[in-house]
Structure formats: C-alpha cells, structure tokens
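Trainee: Could you take me through one part of this model slowly? I'd like a close look at chain A, please.

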Amino acid sequence: MIEVTQETRAGWLVVGVKGRADAETAEQLEAALRSAVDQHSKVAADLGALDYISSAGLRAVLQSARAAQTKDVEFAVCGMSAPVKKVFGMSGMQHLLTIHGELPC
Amino acid sequence: MLTMLEEVVLLAVDEQTGHLRSTREFGTAYALVGAVFFDLALARKIDTGTETIHVIDPTPTGNATLDLVLAGMAGKPQLTTVRAWIEEIFLRRDDLEGRALGSLIEQGVLRHEKTKRLWIIDVERFPMVNNRPQQHVKARLAQAILTDAIPDTRDIMLVSIAEQCGLLGYVLSDTQLNSRRERIRTLCNLETISRKVSDAIAGLDAARQQGVGKIV
C-alpha cells in the first residue's frame with residue numbers, strides 16, 4: 001500500500017509518499033512523481049513517511065529523476081525515514097540524485 | 001526485444017570471428033545468474049530488498065529460460081536471500097549461456113558453426129547474421145558510462161553485468177574506462193542484485209586463493 005499527496009510550497013511541488021514502495025506500488029509511485037515532473041519546474045519527493053523501499057521502489061524514484069533531468073526540472077529527494085535512508089545509502093543514490101535532509105522549501 | 005541475458009551473451013561474441021570471449025569463467029556464470037534476476041525484476045516477477053529476494057508473481061513470462069528459473073524460485077520459498085539464490089542457480093548449472101545463444105540463433109541474430117581443429121577438437125563459432133543488436137547494446141553502454149545523465153534502468157543493469165563479465169573492455173578504450181571508473185562503480189552499486197553478484201564473485205576468488213595457498 002502506498003499513499004501519495006501533492007502540495008505546492010515556496011515554489012516547490014512536494015510529493016509526499018507514505019507506506020511501502022515495492023514492486024506492487026512502484027508503478028503508482030513512478031506515475032505520481034512523473035506527473036509532478038510534467039506539472040512543475042521544481043519537484044521534491046518527501047519520503048519521510050515511507051516505511052520501506054525495495055529495489056523496484058528505488059528504480060521508480062531514479063527513473064522519475066531521469067525524466068526530470070530530461071525536462072530540465074529540478075528534482076530532490078528529502079526527509080527520508082531511517083530505513084529508507086539506509087537503503088539509499090547502500091545503493092549510493094546520492095551520486096545521481098539531489099538528496100536533502102529536510103524539505104528544500 | 002532481447003532479454004538482459006541475451007544482450008550480455010551477445011556482447012561476448014567477437015563480431016569479427018564469431019568466437020565467444022570468456023574472460024572470467026566462473027565470474028561470468030555468476031553474472032549471468034544476475035542477468036536472469038534482472039530480467040525477472042523487469043518483468044515484475046521478483047523484487048529485492050537490501051539482502052532478500054522474493055517472487056511476487058509466479059506466473060510464466062513466456063520466456064523458457066526465465067520461466068525455468070522463476071519456477072525453481074517459486075518452488076523453494078525457504079531460500080530468501082539474493083546471495084543464496086545466486087549460489088543455487090549457479091550450482092544447478094542450467095547453461096544460461098547456451099540457452100541465450102540458442103535464442104539468439106532462433107531470432108536470426110547469430111548462426112552456429114561447428115568445425116574440427118586437427119580433425120579432433122570441436123570448435124564452435126557464432127558468426128553475426130545481424131550485427132545491429134550488438135551495436136545497439138554497445139551504444140547504450142557507451143552512453144550510460146561516458147555521460148553524467150541518469151541512465152535507463154535496463155542500461156544500469158547492463159553496465160553492471162557487462163562489468164562483472166569483464167566485457168566493458170570490448171566496448172570502450174582503456175583510457176575511457178579509466179577516466180570513468182568512478183561512474184562505473186556508481187552504476188554497479190545501485191542494484192542489490194549487482195552488489196550480491198559482486199560479493200559472490202569476490203567470495204569465489206577468495207576461496208580459490210585459499211585453495212591455491214593450500215596447494216602451495
């Protein structure tokens with residue numbers, strides 16, 4: 001299960017993600033993030049309420065960042081919960097993504 | 001579209017001679033298991049955590065090789081770690097390379113030639129019938145490594161498997177590879193499957209060195 005919200009804050013479109021990002025929900029997550037990228041020039045994925053992320057979930061985030069890069073949209077990942085932060089750290093996603101400890105807005 | 005396994009095996013075919021380049025025999029076998037896992041992940045049949053792997057949909061993909069591995073995994077739910085499954089598939093010796101070559105011949109990409117050397121030794125070659133798929137694979141690898149853009153998921157997987165098979169040297173020059181070593185490391189580290197295949201290869205190398213040490 002995953003819950004996705006959207007709100008605009010200080011020039012950023014913040015996509016809040018809650019629940020588990022795995023193979024079952026990755027498609028929904030990627031669709032939500034890509035839709036945000038289509039709508040706005042600054043997108044932040046707030047993963048503070050995400051309990052778990054699998055490889056499929058990581059791919060969804062990375063491919064959304066790729067879509068943003070192609071469209072010249074600023075894309076940041078922020079507010080990660082401890083387990084999610086650990087997974088991001090192990091995969092070295094910080095080398096390809098902009099990661100903030102807190103929301104950039 | 002070729003599978004990840006077929007793309008990597010195709011990359012191992014020498015375009016001029018049709019011979020298979022085999023640089024790291026056992027390492028390659030592990031890496032090909034990783035390629036099958038990537039194919040299953042792309043087909044949304046399996047998913048991985050930082051250590052674990054599990055089947056999320058056991059229904060067949062329609063590809064005989066992938067379905068063989070998928071059925072094996074679905075039948076052994078007690079094996080839960082990526083590392084354990086890499087070892088399991090490796091030990092089953094399913095001849096993943098042979099199956100991929102057979103499929104590439106069937107798809108009209110390669111043909112099979114068998115000749116005798118000194119009238120006794122069988123020599124197999126797989127000359128290209130259509131070299132475009134291999135050129136496409138090489139172009140994607142070069143693009144993923146030589147630019148700083150975020151690559152497509154398939155290309156990230158392809159870089160890691162090609163690296164583990166020791167095949168990147170057939171795509172890029174030493175100078176290019178040396179200047180992009182950090183980028184290659186970054187891409188190889190992204191996926192749990194790649195990290196665990198690397199661990200398995202490192203474990204094998206360590207065991208071999210210990211074995212050599214004992215003999216010496």
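Mentor: Sure, and let's start with the vocabulary: helices (H or I, at least four residues) and strands (E, at least two) are DSSP runs, numbered from the N terminus. With that in hand, chain A has three helices and five strands. Reading from the N terminus, the order of its elements is β-β-α-β-α-β-α-β.

Before we go further, keep in mind that this is a predicted model, where local features need pLDDT of at least 70, side-chain atom pairs count only at pLDDT 80 or more, and totals for chains, interfaces and linings use all residues. As for labels, residues are numbered from 1 along each chain as its sequence is written, while chains are lettered from A and ligands numbered from 1 in the order in which they are written.

Now the overall build. The radius of gyration is taken over C-alpha atoms, and the globule rule is 2.2 Å times the number of residues to the power 0.38. For chain A the radius is 12 Å, close to the 13 Å that the rule gives for 105 residues, so chain A is as compact as a globular protein of that length. Its C-alpha trace spans about 30 × 25 × 25 Å along the principal axes. Buried residues make up 46% of the 105 residues in chain A; a residue is buried if 20 or more other C-beta atoms lie within 10 Å of its own, exposed if 12 or fewer, and partly exposed in between, with C-beta atoms placed from the backbone. Two residues are in contact if their C-beta atoms, placed from the backbone, lie within 7 Å. Among contacts in chain A between residues at least 6 apart in sequence, 74% join residues at least 24 apart.

Next, the sheet. Strands of a sheet pair through backbone hydrogen bonds, either parallel or antiparallel. Here, two strands pair if DSSP finds at least two bridges between them. In chain A, five strands form an open sheet in the order 1-2-3-4-5, with mixed pairing. Strand 1 (2-9) and strand 5 (98-100) of chain A are the edge strands, each pairing on one side only. Neighbouring strands of the sheet are turned by 25° against each other on average, direction ignored. For angles, axes are lines fitted to C-alpha atoms, for helices over the stretch in contact, and the values run from 0 to 180 degrees between N-to-C directions.

Zoom in on one pair: strand 1 and strand 2 (residues 12-21) of chain A run antiparallel, with eight bridges. A:Gln6, for instance, has A:Val15 in strand 2 of chain A as its bridge partner.

Two helices pack on this sheet. Helix 1 (residues 26-39) of chain A touches strand 1, strand 2, strand 3 (42-53) and strand 4 (74-78) of chain A, and its direction makes about 180° with that of strand 2 of chain A. Helix 2 (residues 55-70) of chain A touches strand 2, strand 3 and strand 4 of chain A, and its direction makes about 175° with that of strand 3 of chain A.

Finally, the partner. 18 residues of chain A are in contact with 15 residues of chain B. Helix 2 and helix 3 (82-91) of chain A are the elements giving two or more residues to that side of chain A. The largest share, eight residues, comes from helix 2 of chain A. So you've met helix 2 of chain A twice: packing on the sheet, and touching chain B. As for scores, the model has ipTM 0.93 and pTM 0.92.
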